[in-house]
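Biologist: Could you take me through the salt bridges in this one, and then the nonpolar packing? I'd like one connected account, with the cut-offs spelled out.

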Amino acid sequence: MQIKVGCCGFPVGRKEYAAKLALVEVQQTFYQPPRWATARRWRGEVPPGFDFTLKAWQLITHEPTSPTYRRLKEPLTPEERGQAGAFRPTPLVKRAWEVTREIAVALAARVILFQCPPRFGPTPENLANLRRFFGELDRGDFTLAWEARGKWPREEFLALCRELHLLPALDPFATLPGPGPRVYFRLHGRNGYRYAYTATDLQELAAFLKDRQEAYVLFNNLSMWPDACRFSDFIAKRAF
């Protein structure tokens, strides 16, 4: 079993971080992807064996009304605004995937996460766009993970992941994971972002990993750094 523990973003400097944890989910790629040279520099600043995952650019998943678009370096043109988000079959979404893929290559990442906004629900249009996007995508050797934060029934979400060969990304304390050899957990805090995980929580989290072959466990709460470090220490001492 491989259990990889990390944070969503670097809560401390990269050198300090990599001395303790061997996995990070890059957030900057969602808002405004870095330059290729910057991504290569990040890769060179961590040891061999350190794992990067990254969030796909928001131009793929989020519509331009999302407040996250404020962090784009250059505002979209009116034409681009009509093409952005919701996995639409448009030149802009295709270009955003190509940029995301290039940065993933620069980071030597294995997993790319597509995180959807809560308003992205299981409508016929959204389902058609998802099937078209992932059906036509040249994913190469990447594992693609999908976090659906809208009102998706659990079974429909898991079934769609199986159909489209996606790794379900979920918070196991909010959505019970399905069977399978691999999991991608994003821990947002049991009662919100300010929640700090207790020792009992970490024991419960470890139980979700039983019989898995590979697990990505990423903390995304205010105390993500100490919580991830504590869980990393916990699993290092535990026999699965």
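Modeller: Here is a walk through the charged pairs, followed by the nonpolar cores.

First, the ground rules. This is a predicted model, where local features need pLDDT of at least 70 and side-chain atom pairs count only at pLDDT 80 or more, while totals for chains, interfaces and linings use all residues. Residues are numbered from 1 along each chain as its sequence is written, and side-chain values use heavy atoms, with hydrogens and water left out.

The structure has 16 salt bridges (a side-chain nitrogen of Lys or Arg within 4 Å of a carboxyl oxygen of Asp or Glu). One of them pairs E45 with R14, at 2.6 Å from N to O. These two come from distant parts of the chain, 31 residues apart: R14 sits in helix 1 (residues 14-20), and E45 is in the loop between helix 3 (36-44) and strand 3 (51-55). For the record, helices (H or I, at least four residues) and strands (E, at least two) are DSSP runs numbered from the N terminus. E45 is partly exposed at 36% relative accessible area, and R14 is partly exposed too, at 24%. On that scale, buried means under 20% relative accessible area, exposed means over 50%, and partly exposed is in between (1.4 Å probe, protein chains only).

Next up is E63 with R88, whose closest N and O atoms are 3.4 Å apart. This pair also links distant parts of the chain, 25 residues apart, with E63 in the loop between helix 4 (58-61) and helix 5 (78-81) and R88 in the loop between helix 5 and helix 6 (91-107). E63 is partly exposed at 27%, and R88 is partly exposed at 21%.

Then there's R182 and E214, with 2.8 Å between the closest N and O atoms. R182 lies in strand 7 (residues 182-187) and E214 in strand 8 (residues 214-219), so this bridge ties together parts that are 32 residues apart in sequence. Here R182 is partly exposed at 26%, but E214 is buried at 7%. Both belong to a network in which salt bridges with shared partners join K4, D51, R110, R182 and E214.

Now for the nonpolar side. The largest nonpolar core (buried Ala, Val, Leu, Ile, Met, Phe, Trp, Tyr and Cys residues joined through side-chain atoms within 4.5 Å) has 75 residues. Those with the most contacts inside it are F114, F134, W146, V217, F219 and F231. Helix 6 gives this core its largest share, eight residues. A second, separate core has ten residues, including L113, L167, Y184 and Y216.
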